[in-house]
Amino acid sequence: MVSLVCTLRSHQDDVNCCAFSGALLATCSADKSICVYSARDFSELPFSPLSGHGYGVHYCCFSACGQYLASCSTDATTVVWSMDTGEIEAVLEHPGRSPVRVCAFSPDSSFLVSGGSDGTIALWDFTSRTLLRTGAVTDTSIVACSFTPCAQLFITGSTYGDLRLWDLNMNHLHAEKNAHDLGVSCCQFAPQIMKGTDGCVQFRLASCGQDSLVKIWIVSLLSAAAGIKMQLAHTLTGQSAPILSCAYSADGQMLVSGSVDKTVTVYQANEGVLLYTLNQHDRYVTACAFSPTAPLIATGSMDKTVNIWMLEDGSGAQGKSLPDEAASVLSSGGRKSSGHSRLMVSEWSEEDVLAWLREEGLEAVIDMFKSNNIDGEELLSLTKETLSSELHIGAQHHRTFLPQDKKSKESLGLRCKVMKKIEELKMAPVSNGTPDEYLCPITREIMKDPVIAADGYSYEREAIESWINTKSRTSPMTNLPLQTTLLTPNRTLKMAILRWTTCQ
């Protein structure tokens, strides 16, 4: 059985990737940020969110020890972050300044590979943070990559639909053409090394794509003369729309995938048996990851949320049990979420306010708020004076109390804490329901001067002009070549945006 533990709502745009280390969970988004949480109780770390990318962040991954996090972006960089401080350790500029769609550490963290929208592949020496070698696949974008568990080979997946295996000298060893019709979305090797019946080394690989399929392959390293063999072991058909992500559990026994049909599926990996279908997200499921140390799954979506799930039979994490803190979240009904809700506080019901008080550790005032029927609008109007006079929180503040009057001090401190949390609510960013078509696909900000490019999409003029001038002449949305750089003003959209902003 799978249960929803909690929902994280820190991002303000599509969630593109989720990644676990032993102690942390990282998520990245089109909102240009990376959020980092404790994997024990899913509280956001003090240095989160990480801000350093100029455009949306496509992918993130941890080094083997969890000390470093790598993230890549449309801004043509892969950034390495310290997980001790949250500070930037290195900025790796992709060859040709192409947008970077994916990155992956080798299992021993000696190497880092990144793939670009122009089909280029960069292999980095992670210890020295220097570029070792480059490769390329023509007329496509690299959107997926994964190292073999032996760290000597890696595979890439492209929008053209091919899976290609490379060695560390950037020699192209094998191509599985048309592995997924219309394009590969994600691929990942299982963590275990296997041995074939003839004694050859084998790896298990999962891939998914626009054909709505998850495929499990057996990759065999044969003799030097025979080369590489890829054999399809299973084709999984548990989802009805393009599949955007897939991931193995730490023991290689389970596989999770997320789809455009808004579902998450969990399979028994070796036999390809569908175990669970999860239906909690409101939009496309773009990301999924297993925890290596607990029976937990993280899934991210275009609904801007990350859901944390628990496999109650303990499968998928090498027999590890759920941390006490996460178990306590589950026992409370899955209500906990890291950070404040992104809904309009003024629209909160009385129950929403009480749930917020519990999340903020303010159980001591719940009865007073409940008896006074405080909803979101009234919550925002509270002051120190009304907390004291109407809710009788810290009412003793007007009395002169002696140092030993501990109860009065505690009451005054509670009032200050409640007021501080209310002020934080007022300052927190909220979702204003901006229609997605009013946002520039590059900057994810409301457009002021929308123009139509040759790909048929509308962009903020300054953003698309900068894109064309500094990047290859490809569409930010389709990665296909732009037939012309002519930009046409979208006056109809501009008027619609002006009307909408005027009414806000």
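# A walk through the predicted chain

Glycine 52 is partly exposed, since its relative accessible area is 42%, a value that lies between the limits of under 20% for buried and over 50% for exposed. The model in which this residue is described is a predicted one. Glycine 52 lies in the loop that connects strand 5 (50-51) with strand 6. Leaving aside residues up to four places away in sequence, glycine 52 touches Trp81 and Ile88. The C-alpha atom of glycine 52 is separated by 7.5 Å from that of serine 33, and these two residues are 19 residues apart along the chain.

Before the individual elements are taken up, the chain as a whole deserves a description. Its secondary structure comes to eight helices and 31 strands. The chain has 504 residues, of which 55% count as buried. Its accessible surface comes to about 22,000 Å², and carbon and sulfur atoms contribute 50% of that area. Among the contacts in the chain with a separation of 6 or more, 47% are between residues 24 or more positions apart.

The loop of glycine 52 leads into strand 6, and strand 6 belongs to an open sheet of four strands in the order 6-7-8-9, with antiparallel pairing. Strand 6 (57-62) and strand 9 (88-93) each have a single partner strand and stand at the edges, so one side of each is left without a neighbour in the sheet. On average, and with direction ignored, neighbouring strands of this sheet are turned by 20 degrees against each other. Within the sheet, strand 7 (residues 68-73) and strand 8 (residues 77-82) run antiparallel and are joined by five bridges. In this pairing, leucine 69 stands opposite tryptophan 81 of strand 8. Tryptophan 81 is also one of the residues that glycine 52 touches.

A second open sheet follows further along the chain. Its four strands have the order 18-19-20-21, and their pairing is antiparallel. Here strand 18 and strand 21 (228-236) are the edge strands, each with a single partner strand, so one side of each is left without a neighbour in the sheet. Neighbouring strands of this sheet are turned by 25 degrees against each other on average, direction ignored. As general background, strands of a sheet pair through backbone hydrogen bonds, in either a parallel or an antiparallel manner.

The pairing of strand 18 with strand 19 can be followed residue by residue. Eight bridges join strand 18 (residues 184-195) to strand 19 (residues 201-209), and the two run antiparallel. Valine 184 stands opposite glycine 209 of strand 19, while phenylalanine 189 stands opposite leucine 205 of strand 19. The two strands form a hairpin with five residues between them, and in this hairpin glycine 199 takes a positive phi near 90 degrees.

Another hairpin is formed by strand 26 and strand 27, again with five residues between the strands. The two strands run antiparallel and are joined by five bridges; one of the pairs places alanine 287 with its bridge partner, glycine 300 of strand 27. Six of the six residues of strand 26 are buried, so this strand is largely enclosed by the rest of the structure.

The loop between strand 26 (285-290) and strand 27 (296-301) contains serine 291. Serine 291 is buried, because its relative accessible area is 2%, and the limit for buried is under 20%. The side chain of serine 291 reaches two backbone nitrogens in the model: that of threonine 293 at 3.2 Å, and that of alanine 294, also at 3.2 Å.

The last element considered here is a helix. The buried residues of helix 7 (residues 461-470) are Ala463, Ile464, Trp467 and Ile468. Seen down the axis of helix 7, these buried residues fall within an arc of 130 degrees, so they line one face of the helix. In general, an α-helix has 3.6 residues a turn, so residues three or four places apart point the same way. The buried residues of helix 7 pack against strand 29 (450-452) and strand 30 (458-460). On the other side of helix 7, Glu462 and Asn469 are exposed.

Notes:
Residues are numbered from 1 along each chain as its sequence is written. This is a predicted model: local features need pLDDT of at least 70, side-chain atom pairs count only at pLDDT 80 or more; totals for chains, interfaces and linings use all residues. Side-chain values use heavy atoms; hydrogens and water are left out. Buried means under 20% relative accessible area, exposed over 50%, partly exposed in between (1.4 Å probe, protein chains only). The arc is that of the directions from the helix axis to the C-beta atoms. Contact means heavy atoms within 4.5 Å. Two strands pair if DSSP finds at least two bridges between them. Axes are lines fitted to C-alpha atoms, for helices over the stretch in contact, and angles run from 0 to 180 degrees between N-to-C directions. A polar contact is a pair of N or O atoms within 3.5 Å; within protein, one must be able to donate a hydrogen and the other to accept it, and residues adjacent in sequence count only if both atoms are side-chain atoms. Accessible areas come from the Shrake-Rupley method with a 1.4 Å probe; for residues, only the protein chains shown count as cover.
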